[in-house]
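Please examine the sequence and the three-dimensional structure shown here. The paragraphs that follow lead from a single residue to the annotated spans, the aromatic pairs, the cavities and the backbone.

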Amino acid sequence: MGAGGRMSVPPEGKKSKSEVLQRVPHSKPPFTVGELKKAIPPHCFKRSIPRSFSYAIYDLTIASLFYYIATNYFHLLPHPLSYLAWPLYWICQGCVLTGVWVVAHECGHHAFSDYQWLDDTVGLILHSSLLVPYFSWKYSHRRHHSNTGSLERDEVFVPKQKSEIRWFAKYMNNPPGRILTLVVQFTIGWPLYLLCNVSGRHYDRFACHFDPHSPIYSDRERAQILISDAGVLAVTYGLYCLALAKGLTWVLCVYGVPLLVVNGFLVLITYLQHTHPSLPHYDSSEWDWLRGALATVDRDYGILNKVFHNITDTHVAHHLFSTMPHYHAMEATKAIKPILGSYYQFDGTPVYKAVWREAKECVYVEPDEGGKNKGVFWYNNKL
């Protein structure tokens, strides 16, 4: 942790392919949350305002530098080079802004500081700037953390059982179909989730993150949903004014495409954290919070682990202790791994291979035939 949390510590020893795909235990763990917490150095739970702000300032400074270079120098490049410079800007800016997104996510978990008002203020500003309704997502995401792995109550990336698979699924269970599904998922999946609850939990009526009367929220949360909407509307109006002054193409190049990259990474990261052939899901007869929290997987994104503030390779620890600042998560992960043992899942498969494998193997969930644990569901793909 000598680099202020930006160091990415690789796992101790790589698992073979068969070990990675081997099912993790689904029985009640022989350890408690309290025992895991005791294994973590106490300082890991301390939140530092200067340190938390340093990550936000660092990311915003890099993003501003990219913006300055793109808007002041790209037009000076020889004609063919501009076609290379802009895509490079979109990717790099999207990666850095994903880091900003992660800092805002910390605020939603009250992991930024000891002051809720400060967390909400910073989170509202940062998430609104990325067209995310801060309070709306904060509450639905917290419910995801409270119900991870539950087929009935989890909020997002809830897998379907075989009986719920649509008729056209068998026609999509092939390479072209999987490519189309992934393209849609990583381009418009995030706005579809916010607007229409696509891939989210089943509700008896229409659910939308922008609707204060959505069934996602309780009565005491509805006023804050309106504040979230106001934040997104304010940024949208600012973008509208910029489009009038600078042109729509300018806004799309400088802001729009990088935002698509952010949204794509958000869905990619979340998808791979909760979708894996080795992970169980539970119905109400088997689910409990600890087993659900352990039904997640840490991934390796290489240098992007640092850019994304290690949300990628410390997700198990994050689900166990979501108010812990991200800059202590690597140290905490190292401390609890010996206790977790086989309950801890890390998959270092290259991301592009992992995405394709999960899209192919994780089509629906069902319990083992003839097994005792009818409430434990595993991924399958036989249609």
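Asn 263 has a relative accessibility of 9% and therefore counts as buried, the cut-off being under 20%. This residue belongs to helix α10. The model under discussion is a predicted one. Within it, the C-alpha atom of Asn 263 is separated by 7.1 Å from that of Thr 187, although the two residues stand 76 residues apart along the chain.

The record places these residues in a wider frame. An unreviewed UniProt entry lists residues 55-74, 86-105, 177-196, 225-243 and 249-272 under "transmembrane region". Two of these spans may be described from the coordinates. Residues 55-74 are 95% helix and 0% strand, with their end C-alpha atoms 27 Å apart. Residues 86-105 are 100% helix and 0% strand, and here the end C-alpha atoms lie 28 Å apart. The unreviewed UniProt entry also lists residues 85-344 as "domain: Fatty acid desaturase". Over that range the chain is 60% helix and 2% strand, while the end C-alpha atoms are separated by 41 Å.

Aromatic side chains offer a second route through the model. When ring centres within 6.5 Å are taken as the criterion, the count comes to 22 aromatic pairs. One of these joins Phe 53 and Phe 112, whose ring centres are 5.0 Å apart and whose planes meet at 85°, an edge-to-face arrangement. Which parts of the chain does this pair tie together? Phe 53 lies in helix α3 (residues 49-73), whereas Phe 112 lies in the loop between α4 (79-108) and α5 (116-129), so the contact ties together parts that are 59 residues apart in sequence. The two partners may also be set side by side for their accessibility. Phe 53 is partly exposed, at a relative accessible area of 29%, whereas Phe 112 is buried, at 2%.

Another pair is formed by Tyr 67 and Trp 250. Their ring centres lie 6.3 Å apart with the planes at 90°, so this pair is edge-to-face. Distant parts of the chain are linked here: Tyr 67 is in helix α3 and Trp 250 in helix α10 (residues 248-274), with their positions 183 residues apart in the sequence. Tyr 67 is partly exposed, at 35% relative accessibility, and Trp 250 is also partly exposed, with a relative accessible area of 23%. Trp 250 has a further partner, since Lys 246 lies over the face of its ring at 5.3 Å from the ring centre.

A charge over a ring is found elsewhere too: the charged end of Lys 37 sits over the ring of Phe 45, at 5.2 Å from the centre. Aromatic residues also gather in a group, with Phe 74, Trp 86, Tyr 89 and Trp 90 forming one aromatic cluster.

The enclosed spaces come next. How many cavities of 30 Å³ or more does a search of the whole structure find? The search finds 4. The largest cavity has a volume of about 110 Å³. Its lining comprises 14 residues, and those closest to the cavity centre are Glu 106, Thr 314, His 318, His 326 and Ala 329. Both α4 and α13 (315-320) supply at least two residues of this lining. The largest share, 3 residues, comes from α4. Sorted by class, the lining of the largest cavity has 7 nonpolar, 6 polar and 1 charged residues.

The backbone provides a final point of attention. Most residues other than glycine have a negative phi. Phe 157, which is not a glycine, has a positive phi of about 50°. This residue is placed in the loop between α6 (134-146) and α7 (169-172). Is Phe 157 buried or exposed? With a relative accessible area of 17%, Phe 157 is buried, because buried means under 20%. His 309 likewise has a positive phi, of about 55°, without being a glycine. Its place is in the loop between α12 (304-307) and α13. At 3% relative accessibility, His 309 counts as buried.

Terms used: Residues numbered from 1 in each chain as written. Predicted model: local features only at pLDDT ≥ 70, side-chain atom pairs only at ≥ 80, totals over all residues. Heavy atoms only, no water. UniProt positions renumbered as here; feature names shortened; annotations may be inferred. Helix = DSSP H or I, 4+ residues; strand = E, 2+ residues; numbered from the N terminus. Phe/Tyr/Trp six-rings, centres within 6.5 Å; stacked < 30°, edge-to-face > 60°. Buried < 20%, exposed > 50% of the residue type's maximum accessible area, 1.4 Å probe, protein only. Lys NZ or Arg CZ within 6 Å of the ring centre and 35° of its normal. 1 Å grid on protein atoms, 1.4 Å probe; cavity = no way out; pocket = protein on both sides within 12 Å on 5 of 7 lines; lining within 4 Å. Points joined across faces, edges and corners; volume = space filled by probe spheres on them. Nonpolar A, V, L, I, M, F, W, Y, C, P; charged D, E, K, R; others polar.
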